[in-house]
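Here is a short note to help you find your way around this structure. Take a look at the chain, then read the points in any order you like.

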Amino acid sequence: MSISMSAIVPRLEDAVGRILLAAVVVLVFTGAASRFVGHPIIWSVDMAQAAFVWLCFFGALKAMRRKAHIGVDYFVAKLPVAARRTIEILLAALVLAFLATMGWFGIKLTLLNTARIFGDSGISYAWVTAAVPAGCLALALILLAQLVRALRSGGLVYSPEPRGETPDGDPAPGVRTAGEL
């Protein structure tokens, strides 16, 4: 059975996310247990914080791929698909600009923190702040792929694809909108 590269990347992201979550849990538990017995492992909290920063971006990647980021779409969901599509394309362009800006400042922050030591861990703080430009780049690539797919197919960028529309532009039965929740 052949697995394509497009299937491997989400699986790899998911695996890394699970490992990071497990690491956060183990590190926090170890830190708490060691304090309880009177021999605190101070660096465990630092490492848990670093892992959590990276975990947040891996969670954001998974949500972006699944089109599951939280959004307030009460009014937009009531619009015909063509209007929703236009709004989502404009929002995608705005989000790409935001991710580029955050990525740029994340790179600058990472470079500023190369000599700074992260807490008592002994590692460079740049390893923590590098999550920002790396995460922004990965999110931008996913969003760009979804935008291109939406432009080619006439579909939506952020919302799950509706199964159809009635002739008057209302969502077809079975497609839930925010107003129906």
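1. A residue is called buried when its relative accessible area is under 20%, exposed when that value is over 50%, and partly exposed in between. With that in hand, buried residues account for 32% of the 181 residues in the chain. Please keep in mind that this is a predicted model.

2. Let us start with the overall layout. The chain has five helices and zero strands, so its pattern along the sequence reads α-α-α-α-α. If you count contacts between residues at least 6 apart in sequence, 68% of them join residues at least 24 apart. The accessible surface of the chain is about 11,700 Å², and carbon and sulfur atoms hold 71% of that area.

3. Helix α3 is a good place to go next. The helix covers residues 81-112, and its 32 residues reach 45 Å from the first C-alpha to the last, close to the 46 Å expected at 1.5 Å a residue. Its buried residues include Val-81, Ile-89, Leu-96, Leu-99 and Gly-103. You will also find charged names on that list, among them Arg-84 and Glu-88. The buried residues of α3 pack against α4 and α5.

4. What does α3 show on the outside? Trp-104, Phe-105, Ile-107 and Leu-111 make a nonpolar surface patch of about 470 Å². Phe-105 lies in α3 and has a relative accessible area of 49%, so this residue counts as partly exposed. The cut-off for exposed is over 50%, which is why a value of 49% still falls in the class in between.

5. Beyond α3, have a look at Asn-113, which sits in the loop between α3 and α4 (126-129). Is Asn-113 buried or exposed? Asn-113 is buried, because its relative accessible area is 8%, under the 20% cut-off. Setting aside neighbours within four places in sequence, Asn-113 is in contact with Ser-124, Tyr-125, Ala-126 and Thr-129.

6. Helix α5 spans residues 131-153. At 1.5 Å a residue, its 23 residues should span 33 Å, and the end C-alpha atoms are 32 Å apart, which agrees. Among the buried residues of α5 are Val-132, Leu-139, Ile-142, Leu-143 and Leu-147, and Gln-146 is on the list too. Just after the helix, Gly-154 takes a positive phi of about 80°.

7. Cys-136 is one residue of α5 that deserves its own look. With a relative accessible area of 5%, Cys-136 is buried. Leaving out residues up to four places away in sequence, Cys-136 touches Phe-57, Leu-99, Met-102, Gly-103 and Ala-131. Two of these contacts, Leu-99 and Gly-103, also appear among the buried residues of α3. Phe-98 is 38 residues from Cys-136 along the chain, yet their C-alpha atoms are separated by 9.0 Å.

8. How many disulfides does a search of the whole structure find? The answer is zero. Cys-136 is buried, whereas Cys-56 is partly exposed, with a relative accessible area of 40%.

9. Now for the charged pairs. Side chains of opposite charge can pair when their charged atoms come close. The structure holds three salt bridges. In one of them, the side chains of Arg-65 and Glu-13 meet at 2.9 Å, N to O. Arg-65 lies in helix α2 (residues 43-65) and Glu-13 in helix α1 (residues 5-36), so the pair ties together parts that are 52 residues apart in sequence. Arg-65 is partly exposed at 32% relative accessible area, while Glu-13 counts as buried at 13%.

10. Which residues share salt-bridge partners in one network? Start from Asp-14, which forms a salt bridge with Arg-18, the closest N and O atoms being 3.0 Å apart. Both lie in helix α1, four residues apart, about one turn of the helix. Asp-14 counts as partly exposed at 23% relative accessibility, and Arg-18 as exposed at 57%. The side chain of Lys-62 also meets that of Asp-14 in a salt bridge (2.7 Å, N to O). Lys-62 lies in α2 and Asp-14 in α1, so this pair ties together parts 48 residues apart in sequence. Shared partners thus join Asp-14, Arg-18 and Lys-62 into one network.

Notes. Residues are numbered from 1 along each chain as its sequence is written. This is a predicted model: local features need pLDDT of at least 70, side-chain atom pairs count only at pLDDT 80 or more; totals for chains, interfaces and linings use all residues. Side-chain values use heavy atoms; hydrogens and water are left out. Patches are made of residues with over 30% relative accessible area and no salt bridge: like charges are joined within 9 Å, nonpolar side chains (Val, Leu, Ile, Met, Phe, Trp, Tyr) within 5 Å. Accessible areas come from the Shrake-Rupley method with a 1.4 Å probe; for residues, only the protein chains shown count as cover. A salt bridge is a side-chain nitrogen of Lys or Arg within 4 Å of a carboxyl oxygen of Asp or Glu. Helices (H or I, at least four residues) and strands (E, at least two) are DSSP runs, numbered from the N terminus. Buried means under 20% relative accessible area, exposed over 50%, partly exposed in between (1.4 Å probe, protein chains only). Contact means heavy atoms within 4.5 Å. A disulfide is a pair of cysteine sulfur atoms within 2.5 Å. The expected span of a helix is 1.5 Å times one less than its number of residues.
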